[in-house]
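Please study the sequence and the structure shown below. The questions that follow take up selected features in turn.

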Amino acid sequence: MTLCTPARTTNRPRSQRPHSPPDGPRRFRPAGADVSASVAVFLIALPLSLGIALATGAPLQAGLVAAAVGGLVAGRFGGSPLQVSGPAAGLTVVTAELIQKYGWRTTCAITVLAGLTQLALSALRVARSALAVSPAIVHGMLAGIGVTIALAQLHIVLGGTPQSSAVDNVIGLPAQLARAHPEALAISALTVAVLLCWPRLPGRAGRLMRKVPAALVAVAGATAAAAFAGFAVPRVDLPSWSSHALPGLPEGPVLGIAAGVLTITLVTSVQSLLSAVAVDKLVAAREDRGQGVPRSRLDRELAGQGAANMVSGALGGLPVAGVAVRSVANVSAGAVSRASTMLHGLWIVLAALLLVPVLDLIPLPALAALVMVVGIQMVSITHIRTVTRHREVVVYAVTLTGVILVGILEGVALGIAVAIAVALHRLARTRITREERDGRQLLHVRGQLTFLAVPRLSRALHQLPRGSDVVVELDGSFMDHAAYEALSDWTAGHLAHGGTVETTGPSGARIAEPAPVTDSASHPCCRPWTPWHNHQCGEEPAEPRRTTGTGQTTGLHLASGIGKFQRNTAPLVRDELARLAREGQRPSQLFLTCSDSRLVTSMITSSGPGDLFTVRNVGNLVPLPGEESGDDSVAAAIEYAVEVLRVESITVCGHSGCGAMQALLNGGPDDPPTPLRRWLRHGRPSLERMASRRHAWARISGRLPADAVEQLCLTNVVQQLEHLRAYEPVARRLAEGTLTLHGVYFHVGEAQAYLLSGTDEVHGYDDVFTRVMPTDVPETTTRTAPTGSLEVATPTVPTDSLEEVTLGMPTERLAARAS
């Protein structure tokens, strides 16, 4: 959808909000790629929806309702633009069991309650927690469901009726084979043959024919064959929509209904979130690398799935979840926005209303064969190889077996229990071996060193001869305090008896010995953030320097720091800097931040030489074009970075306790026009934005900003991003989609970074700064907010579970000064 961004003017009326939408209704203009992709997805979804409804024992129309709602509701409100939602094969067993126990109307009510539960979970921002479930459990659950589906549909393929459980279907299979219906078996065999052979058609003609979905060709071919041969097989029977069953009040035991709600919530949520993550990977692997397609927002996706389940259940449809097959088809067909998923839902609605006579010709054995093949494909050989490689095949097998024999919730619970047991076993399993080589004692410790391994570690250490040369090789990623104390105490005693101890990693590289600090002359090792002043890195301090002023001492400290760089750091970075000298700088982003000495850009961004093109000034300000008054340094840096270096992103980073913001708050109209005051006038728009009622107030995740200074620091980041868009090179690159803008706020005292997030497609910025958790690896993407609003970095990391709170208005004194 293309929107025109109005040019920036200096005489904008005060009543017009800078991020307001254009006058008049917004038009729905899907791209051509979205239209073609929606048709491809529709052709796959139509037969699958009917087949899944048949497998569950629900009315066949329920599958069409779920497919339409999944496309229109989940497609519009979900957080994964290219994911397609609808009735999923993974829900077949659950839904079939609920229908058998409580009836169809109560099952619809359970679906509504499950959707409401998903909305509550999304409000708690727990979507990322679903990804903590071991992939072996998820793959085992899906494989178990696939086996159950395949066993049930095999009876329909043979012309019979499936039993209520997988075990009963296996027991009854020999008798069903003995009385197989030839015509149903022939239609099913034809469907399976087309499904398997169609994707493998050779040659150029085959490549063109493969663009038609195999599921559609298989069902259409079977329908035509059955009609031509005059086979007497059961067919689809779509009743009138006037008699379509809607949900009723839940009837049954409360615990049973609650278990059904929990099961549908669990399966739909986990499957949808994992599918959304997989869709992101598929989009990134496309030739266009997903240009213009934002990454999935998992909490919003969970809310979209919840809304879809509530609507689907209320309209008498099956439970809805994100589905991999249709999502892969959508991405492969070149979809670029959520319009493709919504259009596919619209085509389903039109087909359900206009193509009922055509749908009534489809043989039920063809649909059963289609779903049976889908169930078999859910037992993925690739997944089995993956869990085997990661030594989690036991978790996979237990989950699969539990789902088949007991049930989905019980099977998942068994899988979680086994996964925890395997993790504890790995944590407690430590191999300690000893050998002698070249007169030295080698002690190999493989595995995690926890308190459980301390007795064996201590016994092995004390068996080493006193006064010997010892090498301790630690081949593990974790050592708790008890193991550290045991190794440290033994090391101190062994050194006291004249021995030597060298601690190495698995590659033989020497690491620091865990020896305690025994006297005041010892110093901890230097760290990247160690202050250079008054620091002697492990060196004996010389006599106190006697100087007549601080300048000479500071010069000595500076020279000492440079000398240490040449001695310790330069050898490590010389090759990289030599490469950069040959090839020139190619930074990925322009990083504009404050001159404050406490803000170490390389530390908080984990960047190295050549990564950032950094501009620092007092207050991280970006003067508007034409207002520099002779100082074009910031504008020149922006032009050079955007036009010459072709950076991919620009980041404005503010910080807590900013002296420039304090000066803005404390300044008055009568202050003398010093150079500092003349520079700080570029920050007055931030002060006005903070006091204005026309803008959203800055928010920070998890807590209120401490005071007006912090509120202004947050607002200033948002305002400077708006100033950036006024630069012609920046505006042009943003329009081309080759440049993104990011906002960062760094709290110095907490050592905590916050990313600017939370755009609203109508009102622009929500001005929300979202905390980056220390265990996460953030991957930010952007999406273009319409009508001149800002490019906003949207992190794919989980936010705090605390509710984001909104600041109150600033004080009247501040508002009066700003006006």
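A salt bridge is a side-chain nitrogen of Lys or Arg within 4 Å of a carboxyl oxygen of Asp or Glu. This is a predicted model, in which local features need pLDDT of at least 70 and side-chain atom pairs count only at pLDDT 80 or more, while totals for chains, interfaces and linings use all residues. Residues are numbered from 1 along each chain as its sequence is written, and side-chain values use heavy atoms, with hydrogens and water left out.

Q: How many helices and strands does the protein have?
A: Helices (H or I, at least four residues) and strands (E, at least two) are DSSP runs, numbered from the N terminus. Under this definition the secondary structure comes to 29 helices and 16 strands.

Q: What percentage of the residues of the protein count as buried?
A: A residue is buried under 20% relative accessible area, exposed over 50% and partly exposed in between, with a 1.4 Å probe and protein chains only. The protein has 819 residues, and the buried share of them is 47%.

Q: How many salt bridges does a search of the whole structure find?
A: Side chains of opposite charge can pair when their charged atoms come close. The search of the whole structure gives a count of 9.

Q: Which residue meets K101 in a salt bridge?
A: K101 lies in helix 3 (residues 92-102), and its partner is in that helix too, 4 residues apart, about one turn of the helix. An α-helix has 3.6 residues a turn, so residues three or four places apart point the same way. K101 is exposed, with a relative accessible area of 55%, whereas the partner counts as partly exposed at 39%. The nitrogen-to-oxygen distance is 3.3 Å, and the partner is E97.

Q: Which residues are joined into one network by salt bridges that share partners?
A: The side chains of E576 and R579 meet in a salt bridge of 2.6 Å, N to O. Both lie in helix 21 (residues 550-583), 3 residues apart. E576 is partly exposed at 32% relative accessible area, and R579 is partly exposed at 29%. Salt bridges with shared partners make one network of E576, R579 and E583.

Q: Where do the buried residues of helix 7 fall, seen down the axis of the helix?
A: The 16 residues of helix 7 (residues 182-197) should span 22 Å at 1.5 Å a residue, and the end C-alpha atoms are 22 Å apart, which agrees; the expected span is 1.5 Å times one less than the number of residues. The buried residues of helix 7 are A184, I187, S188, T191, V192, V194 and L195. The arc is taken from the directions from the helix axis to the C-beta atoms. These buried residues line one face of helix 7, because they fall within an arc of 165 degrees.

Q: Which helices do the buried residues of helix 7 pack against?
A: Contact means heavy atoms within 4.5 Å. The packing partners are helix 5 (135-157), helix 9 (214-229) and helix 15 (364-377).

Q: Which side chain does a polar contact join to that of N309?
A: N309 lies in helix 11 (residues 298-314) and is buried, with a relative accessible area of 0%. Not counting residues up to four places away in sequence, N309 touches several residues, including T111, T268 and P319. A polar contact is a pair of N or O atoms within 3.5 Å; within protein, one must be able to donate a hydrogen and the other to accept it, and residues adjacent in sequence count only if both atoms are side-chain atoms. The contact of N309 is 2.8 Å long, and the partner is Q118.

Q: Which residue caps the N-terminal end of helix 16?
A: Helix 16 comprises residues 381-389. A side-chain oxygen of the capping residue lies 3.3 Å from the backbone nitrogen of T382, and that residue is S380.

Q: What is the angle between the planes of F613 and Y640?
A: Rings of Phe, Tyr and Trp (its six-membered ring) pair if their centres lie within 6.5 Å; planes under 30 degrees apart count as stacked, over 60 as edge-to-face and the rest as tilted. The structure holds 2 aromatic pairs. F613 and Y640 form a tilted pair, 5.8 Å centre to centre, with an angle of 45 degrees.
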